[in-house]
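Take a moment to turn the model around before reading on. We'll go through it piece by piece, in plain words.

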Amino acid sequence: MDGTYSQNDLSHVVDADKAHVWHHLVQHKPFETKDPNIIIEGKGMRVWNQAGKEHLDAVSGGVWTVNVGYGRERIAKAVYDQLMRLNYFAGSAGSVPGALFAEKLIEKMPGMTRVYYTNSGSEANEKAFKMIRQIAHKRHGGKKHKILYRDRDYHGTTIGCLSAGGQDERNAQYGPFTPGFVRVPHCLEYRKHEQDGAPVENYGEWAAEQIEKVILAEGPDTVGGLCLEPVTAGGGVIAPPEGYWQKVQEICRKYDVLLHIDEVVCGVGRTGTWFGYQHYGIEPDFVTMAKGVASGYAAIACMVTSERVFEMFKDDATDPMNYFRDISTFGGCTAGPAAAIENMAIIEEEGLLENTTDMGAYMLDQLNALADRHKVIGDVRGKGLFLGAELVTDRQSKDVVPEAQVQAVVADCMAQGVIIGATNRSVPGRNNTLCFSPALIATKDDIDEIVSAVDGALGRIFA
């Protein structure tokens, strides 16, 4: 820490926070007798709180965001320079960083051509939903309007996005939801025993075929889109089984269903490729992204489409209702694309995609070794530096460890100075997966420290 704040300054900050800030995903009753955690500085993989305690951040800002690590001066300078030149103009006009980042982004996304700027992953997903609905009205008399989403997937916090949310605890008490969203089954092979008819072999293809069954039950002429995460995030860090995505692509083409890939978590390097879907050779119609696009140095999200989708909104210029009649106010901010350009350059110059692949494989091996020592670890899974360890009371029955014990592991790691995550208010009775998403700059020493902390925590909690 550089000592910018004195202890008196920090005391006032803590008081102000307790009195006025409504934190995310936190029960505030405990703050009546104890202080909230306030992060005041970050460098590389490390952050410090108001007490001066150092923590190794294994969740990239708490929610899979700070992909290139903290304290990147070149990004801060790029944002400053851009803000002094032009901070904002509505997206009805263009900007220099907006045009240049779109060009760089599309270079990484073969088959995609158009970038629509927004300010959050939720909003980016809403834009894709609205486009699917508008296409339904333009091309299908409004009938082909249904949007399929997957059990355990998460797409954002708005009512529209919650309507496409496969995490029942996250949705609880926020309904009624928007009609026309239909759930399809998850593809978690570890829990296929809970799915009627799941086979021993070729589970991936079978899981995809369950989507086809839903399309047929709803009526193919009513289903316009399918929205999926390439790797399910908060629903348990679920990497798709072999054969799954290829079958999904085939089904979408068979029934003329637009494929929307939500890359808000996986996008921009998290899984070792620029985008998670690129591991599987599929061709989406929409790709949405947010968190890692600028590593949290500025707010930015993007909804990217193929040219085929784009052309549907300009095929009749005489019709005043024919274009996409939408705007994102803060999609016009220039700081986001300015930061994103530098963020992408850092990933390229420092070889962070390769590092993510290498360190992800190393961390997967270390977590599997940890499973050899702790029977409470039932399954280790993920892709790149996006990994999870599901905790169970018994490996044969796969009964779930009580959530309080899972949270106790997280708290124990925090006390050791290592921040990890866990599925939280996601799937009822299934909030039992430890989550890891260290920055793409992680080294073997960082990973060893993370795994060592989990090792100690598991030993104490499940002694």
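In this predicted model, the salt bridges come to a count of 36. Let's look at a few of them. Arg139 and Asp315 meet through their side chains, with N to O at 3.3 Å. Arg139 sits in helix α5 (residues 121–140), while Asp315 belongs to the loop between α10 (307–311) and α11 (335–349), so this pair ties together parts that are 176 residues apart in sequence. What about their exposure? Arg139 has a relative accessible area of 40-odd percent, 44% to be exact, and counts as partly exposed. Asp315 is partly exposed too, at 46%.

Another pair to find is Glu169 and Arg425, a salt bridge whose closest N and O atoms are 3.0 Å apart. Here the link runs from helix α7 (residues 168–171), home of Glu169, to the loop between β14 (421–422) and β15 (433–436), where Arg425 lies, so parts that are 256 residues apart in sequence get tied together. Glu169 is partly exposed, with a relative accessible area of 26%, and Arg425 counts as partly exposed at 34%. Salt bridges can also be linked up: Arg191, Glu194, Asp379, Arg381, Glu390 and Arg430 form a network of them.

One more salt bridge leads us into a sheet. The side chains of Arg46 and Glu54 meet at 3.3 Å, N to O, and Glu54 is partly exposed, with 38% relative accessible area. Strand β2 covers residues 46–49 and strand β3 covers residues 54–57; the two run antiparallel and are joined by three bridges. Within β3, Glu54 is the residue that stands opposite Trp48. Now zoom out to the whole sheet: it is open, with four strands in the order β1-β2-β3-β13 and mixed pairing. At its edges are β1 (39–43) and β13 (418–419), each of which pairs on one side only.

Next, move along to strand β10 (residues 301–305). Is it covered or open? Mostly covered: five of its five residues are buried. In a regular strand, side chains alternate between the two faces of the sheet. You can follow that in β10, where Ala301, Met303 and Thr305 point one way and Cys302 and Val304 the other, all of them buried. This strand has partners, too. Strand β4 (residues 114–118) pairs with β10 in the antiparallel sense over five bridges, and Tyr116 has Met303 as its bridge partner there. Strand β9 (residues 286–289) is also antiparallel to β10, with four bridges between them; in this pairing Phe286 is matched with Thr305.

Just ahead of β9, in the loop that connects β8 (258–262) to it, you'll find Glu263. Which side chain of opposite charge is nearest to Glu263? That would be Arg270, 9.9 Å away, and Glu263 is buried yet has no salt bridge. What does Glu263 touch, then, once its neighbours within four places in sequence are left aside? Its contacts are Pro230, Phe275, Gly276, Tyr277, Val287, Thr288 and Met289.

Last stop, the surface. Ile159, Tyr174 and Phe177 form a nonpolar patch there, with about 280 Å² of accessible area together. Ile159 is found in helix α6 (residues 159–163), and with a relative accessible area of 40% it is partly exposed.

Definitions and conventions:
Residues are numbered from 1 along each chain as its sequence is written. This is a predicted model: local features need pLDDT of at least 70, side-chain atom pairs count only at pLDDT 80 or more; totals for chains, interfaces and linings use all residues. Side-chain values use heavy atoms; hydrogens and water are left out. Two strands pair if DSSP finds at least two bridges between them. Buried means under 20% relative accessible area, exposed over 50%, partly exposed in between (1.4 Å probe, protein chains only). Lys and Arg count as positive and Asp and Glu as negative; His and the chain ends are not counted. A salt bridge is a side-chain nitrogen of Lys or Arg within 4 Å of a carboxyl oxygen of Asp or Glu. Contact means heavy atoms within 4.5 Å. Patches are made of residues with over 30% relative accessible area and no salt bridge: like charges are joined within 9 Å, nonpolar side chains (Val, Leu, Ile, Met, Phe, Trp, Tyr) within 5 Å. Accessible areas come from the Shrake-Rupley method with a 1.4 Å probe; for residues, only the protein chains shown count as cover.
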